[in-house]
Amino acid sequence: MRNHLSEKIKGRKSDHLDICLEENVQARKATTGFEETYLVHRALPEIERNKIDLSTTVFDHDFSAPLIVEAMTGGVNKAIKINTAIATAVEKLGLGMGVGSQRAAIEYPKLEPTFKVARKNAPSAFILANIGGAQLVKEYGVKEAKKAVKMLQADALAIHLNPLHEAVQPEGDTSYNGLLKQIKYLVHALDVPVIVKETGAGMSSEDAEKLEASGVAGIDVAGLGGTSWAAVEYYRAKRNGNERHLGETFWDWGIPTVASLIEITQSVHVPVIASGGIRSGIDIAKALALGASLTGMACPVLTHAFKGADELEKELRFLIEELRNAMFLVGADSVQRLQKVPVIITGRIADWLTIRGFDLRGYARRDLQEF
Ligand SMILES: Cc1cc2nc3c(=O)[nH]c(=O)nc-3n(C[C@H](O)[C@H](O)[C@H](O)COP(=O)(O)O)c2cc1C
């Protein structure tokens, strides 16, 4: 029975990787909102580009730059190569990484090496263990969460929320009642920070407030505008000969990353990770200026990681250079300063936030003269 389950999970995880590598599973009509968010250019930056400090400390961990590779894989053989490449690159660059859901290895310890390569190749980088909220409702508790953390000697545990993904896949777990209580229980039983993340549909301020009240140490936005899990399931169904699928209808479902980020940073005090469609150093700069403590990227990393650690390192270095350049052009010589530069939010994202009662004038009125 166990073997059968592990084979099913392995098959699904392998399909996910193949589809993300071979098809365009990015949001189609929806966007993150970064394109409607502006940083104010400085003709007089009054700083030296080469002296910009990108380092930051979050969750008591020192990062060389405010970037992590988001949770993606494990539990299939291909994951060994991918997680090794990601771990090697983030260790070299002083960044962080998540692994994919550890369910397969919790159920079937033979698969542990597909996750353990992360810590093996990144002895000092920030590593997030990962379990699903849906599993916490159904069958998992403190024992499984501790097992996931121990497997990686992880610095934190990420609990992923993916109601959209569960709702559009045939094997989906759609019982979500009682999860908040489980999260609260876990937070108090574990001795590492618990971070709750979405997976591409974003989170509202109301849900973020409930999570903060439950004691979580951080929230990862994972908003709409990047990878769409409805799209992944659409392609999975199509490959199995099923043309009409809920995944197509819900392809662009969710809260755009910028709207979600502002809702959450204005409502909670815990560190917020901005992710979901982060695709350049300019996106990273905008996210930090809007109050994120860290940023994260998943799908685009996959293609480079598949080619190896050197290729991925090159890409991540370029992303960091883009961030440095954006910081120079807004006159911010540190992450803390970037978090205080003026930001203008326009268009439908501004409409969304205004209708929801959030104040956007504060960002625009930040004093340029302070810098
Ligand atoms: C191939 C792949 C597998 C993923 N698997 C997981 C997972 O197991 N657990 C999880 O929390 N998130 C998972 N995610 C979601 C990402 O962590 C992230 O939240 C989402 O892809 C949005 O980021 P992006 O737009 O930069 O891809 C996965 C993403 C990809 C592309």
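**Aromatic pairs, cores and cavities**

User: How many aromatic pairs does a search of the whole structure find?

Analyst: This is a predicted model, where local features need pLDDT of at least 70, side-chain atom pairs count only at pLDDT 80 or more, and totals for chains, interfaces and linings use all residues. Residues are numbered from 1 along each chain as its sequence is written, and side-chain values use heavy atoms, with hydrogens and water left out. Rings of Phe, Tyr and Trp (its six-membered ring) pair if their centres lie within 6.5 Å. Searching the whole structure this way, the number of aromatic pairs is six.

User: Are the rings of Phe59 and Phe126 stacked or edge-to-face?

Analyst: Planes under 30 degrees apart count as stacked, over 60 as edge-to-face and the rest as tilted. The ring centres of Phe59 and Phe126 are 5.9 Å apart and their planes meet at 15°, so this pair is stacked.

User: How many residues apart are Phe59 and Phe126, and where do they sit?

Analyst: Phe59 is in the loop between strand S2 (56-58) and strand S3 (61-63), and Phe126 is in strand S6; strands (E, at least two residues) and helices (H or I, at least four) are DSSP runs numbered from the N terminus. Both Phe59 and Phe126 are buried (under 20% relative accessible area; exposed is over 50%, partly exposed in between; 1.4 Å probe, protein chains only). The pair links distant parts of the chain, with a separation of 67 residues.

User: Which residue joins Phe59 and Phe126 in one aromatic cluster?

Analyst: The cluster has Phe59 and Phe126 as members. Completing it is Phe63.

User: Is Trp253, the ring partner of Phe250, buried or exposed?

Analyst: The Phe250 and Trp253 rings have centres 5.3 Å apart and planes at 55°, so they form a tilted pair. Phe250 has 28% relative accessibility, so this residue counts as partly exposed. With a relative accessible area of 53%, Trp253 is exposed.

User: How many residues does the largest nonpolar core have?

Analyst: A nonpolar core is a set of buried Ala, Val, Leu, Ile, Met, Phe, Trp, Tyr and Cys residues joined through side-chain atoms within 4.5 Å. Among those with the most contacts inside the largest core are Ile86, Met97 and Leu338. Ile86 touches (heavy atoms within 4.5 Å) Val69, Met72, Met97, Val301, Ala305 and Leu312, leaving aside residues up to four places away in sequence. The residue count of this core is 111.

User: How many residues does the second, separate core have?

Analyst: Members include Phe59, Leu128, Ile195 and Ile273. The size of this separate core is eleven residues.

User: Which helix gives the largest share of the lining of the largest cavity?

Analyst: A cavity is a set of points on a 1 Å grid over the protein atoms alone where a 1.4 Å probe fits but cannot get out, and lining residues have an atom within 4 Å of a point. The largest cavity holds about 90 Å³ (the space filled by probe spheres set on the points, which are joined across faces, edges and corners). Leu164, Thr199, Gly200, Ala201 and Trp229 are the closest to its centre among 16 lining residues. Three of the lining residues come from the helix asked about, H7.

User: Which strand gives the most to the lining of the second largest cavity?

Analyst: This cavity has a volume of about 60 Å³. Its 13 lining residues include Ile68, Leu128, Ala158, Lys197 and Asp220, which lie nearest the centre. Strands S6 (126-132) and S8 (194-197) are the elements that give two or more residues. With three residues, the strand that gives the most is S6.

Conventions: 1 Å grid on protein atoms, 1.4 Å probe; cavity = no way out; pocket = protein on both sides within 12 Å on 5 of 7 lines; lining within 4 Å.
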